[in-house]
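Please look over the sequence and the 3D structure shown here before reading on. The briefing that follows goes through strands, internal spaces, the core, cysteines and backbone angles in turn.

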Amino acid sequence: MLNNFLFTSESVSEGHPDKICDRISDTVVDLMLAKFPEARVACETMVSTNRTIIAGEYRLPNGIEISNDEIERHVRKAVQDIGYEQENYHWEKMHFECHLHSQSADIALGVDQLGNKDEGAGDQGLMFGFACDETEDLMPAAIYYSHKILKEMSILRKTDKNNFLLPDSKSQITLEYQNGKPIKTSSIVVSTQHVKGCSQEDIKNLVRDVVKKVLPDGWMCPEDEFYVNPTGIFEIGGPDGDAGLTGRKIIVDTYGGSAPHGGGAFSGKDPTKVDRSAAYLTRYLAKNVVAAKLARKCTIQIAYAIGISKPLSLYVNTDGTGIIEDTKIAKILNNLVNMSPRGIREHLRLNQPIYVPTSAYGHFGRKPNEGVEGSFSWEKTDLVDAIIKESGI
């Protein structure tokens, strides 16, 4: 194991063009699930200058309907909540197009529960989960604090109407590790959109205060390694500065590069899609393993085939930090949780409109019920006692 090194992760705010798209797509998912908990949804979003387009598929039972006007109202409200009232991207004035259509009958046939056949996975694929003991929420420190900086800036932007921050921003933290543990930041980069005419010095001073509030004592980087809007003025941002798409921030959404990623995005997908639900499951399992102190870090992979309910594989790797064999941990987890798509949804109670809060500042490392009741159930550590008992330690 490499013990002394530098490691970097980044985050982006809810006002980043790609994150706007994740928020809109999850708004549609929540809208459908609120109407019918077993709704099927796959919604993609694109934004550009004063333009928002959604497309994809959904399935609701006969008798439950949804109109494009209703979808549009919720989409506009989501953009308003983020804070976009700019000349070239405005929640009320933007052009909106909806191209959602009914789900393919072929997909439904392969996935649905029929007779003695259990519900199958919505697609093939592999998903990863990860946890480590670097932070109180058992997340890698670089991504954890990158998220917290931007979330704190968002709170400030929305509560202090006299501040000069605008919605689009990014953060990046480089951490110094000694003996395998993070000890301080070696550099920090924050870029934030701002109103016209404000002082770059004022922006840097505001961001510095936020960063010092978020980081542990003694972790602040040297001043000459603290970069705020390093290119200068950042007045044009959001969809007017760059187009956005759903699902383009998968590393920001997960572990900041500290762990493998299966490749599938989360936002815009109902929980029958294992890209989402199984990634939540593997985080849940890995977090409980670390919380039970069976290991200081834990990576878990699971794999599925479309239409098949049983996972094809379950892989556990504690990177040499486990106090029992990784294969034994895998056996314990298999005994404790039904890992079929339906089993995951029922165990974590995923068939609820709980996904909008996940669309910014990470799907992991959050508090259960953060944002709305029932959200982030995969962050619970309610398996700890059972894992300890099964392990025999």
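Two strands are said to pair if DSSP finds at least two bridges between them, and the elements themselves are DSSP runs numbered from the N terminus, with helices being H or I runs of at least four residues and strands being E runs of at least two. This is a predicted model, in which local features need pLDDT of at least 70 and side-chain atom pairs count only at pLDDT 80 or more, while totals for chains, interfaces and linings use all residues. Residues are numbered from 1 along each chain as its sequence is written, and side-chain values use heavy atoms, with hydrogens and water left out.

**A four-stranded sheet**

- In general, strands of a sheet pair through backbone hydrogen bonds, and they do this in either a parallel or an antiparallel way.
- One open sheet here has four strands in the order 6-3-2-11, and its pairing is mixed; strand 6 (95-102) and strand 11 (244-245) are its edge strands, each of which pairs on one side only.
- Strand 3 and strand 6 are parallel and share eight bridges, and within this pair T52 has F96 in strand 6 as its bridge partner.
- Strand 2 and strand 3 (residues 51-59) are antiparallel and are paired over nine bridges, with E44 standing opposite A55 in strand 3.
- The hairpin of strand 2 and strand 3 has two residues between the strands, and N50 takes a positive phi near 50° there.
- Strand 2 (residues 40-48) is also joined to strand 11 by two bridges, in an antiparallel arrangement, and M46 has L245 in strand 11 as its bridge partner.

**Cavities and the largest pocket**

- Both kinds of space are found on a 1 Å grid over the protein atoms alone: a cavity is a set of points where a 1.4 Å probe fits but cannot get out, whereas a pocket is an open set with protein on both sides within 12 Å along at least five of seven lines, and lining residues have an atom within 4 Å of a point.
- Grid points are joined across faces, edges and corners, and a volume is the space filled by probe spheres set on the points.
- By this rule there are two cavities of 30 Å³ or more, and the largest has a volume of about 70 Å³.
- The largest cavity is lined by 14 residues, among which F128, H261, G262, F266 and A279 lie nearest its centre; strand 7 (125-132) and helix 8 (274-291) are the elements that give two or more residues to this lining.
- For the classes of lining residues, Ala, Val, Leu, Ile, Met, Phe, Trp, Tyr, Cys and Pro count as nonpolar, Asp, Glu, Lys and Arg as charged, and the others, Gly among them, as polar; the lining of the largest cavity then divides into eight nonpolar, five polar and one charged.
- The second largest cavity holds about 60 Å³ of space, and the residues that line it include S13, R157 and Y361.
- The largest pocket holds about 360 Å³ of space, and of its 18 lining residues F5, E134, Y177, G180 and K297 are the closest to its centre.
- By class, the lining of the largest pocket has nine nonpolar, three polar and six charged residues.

**Core and cysteines**

- A nonpolar core is a set of buried Ala, Val, Leu, Ile, Met, Phe, Trp, Tyr and Cys residues joined through side-chain atoms within 4.5 Å, where buried means under 20% relative accessible area, exposed over 50% and partly exposed in between (1.4 Å probe, protein chains only).
- The largest nonpolar core has 102 residues, of which I71, Y304, L333 and W378 touch the most other members, and helix 8 provides the largest share of this core, with ten residues.
- A disulfide is a pair of cysteine sulfur atoms within 2.5 Å, and a search of the whole structure finds zero of them.
- C132 is buried, with a relative accessible area of 3%, and its sulfur is too far for a bond because the closest cysteine sulfur, in C298, is 11 Å away.

**Positive phi angles**

- Most residues other than glycine have a negative phi.
- N179 has a positive phi near 55°; N179 lies in the loop between strand 8 and strand 9 and counts as exposed, at 64% relative accessibility.
- F376 also has a positive phi, of about 55°, but F376 counts as buried, at 0% relative accessibility.
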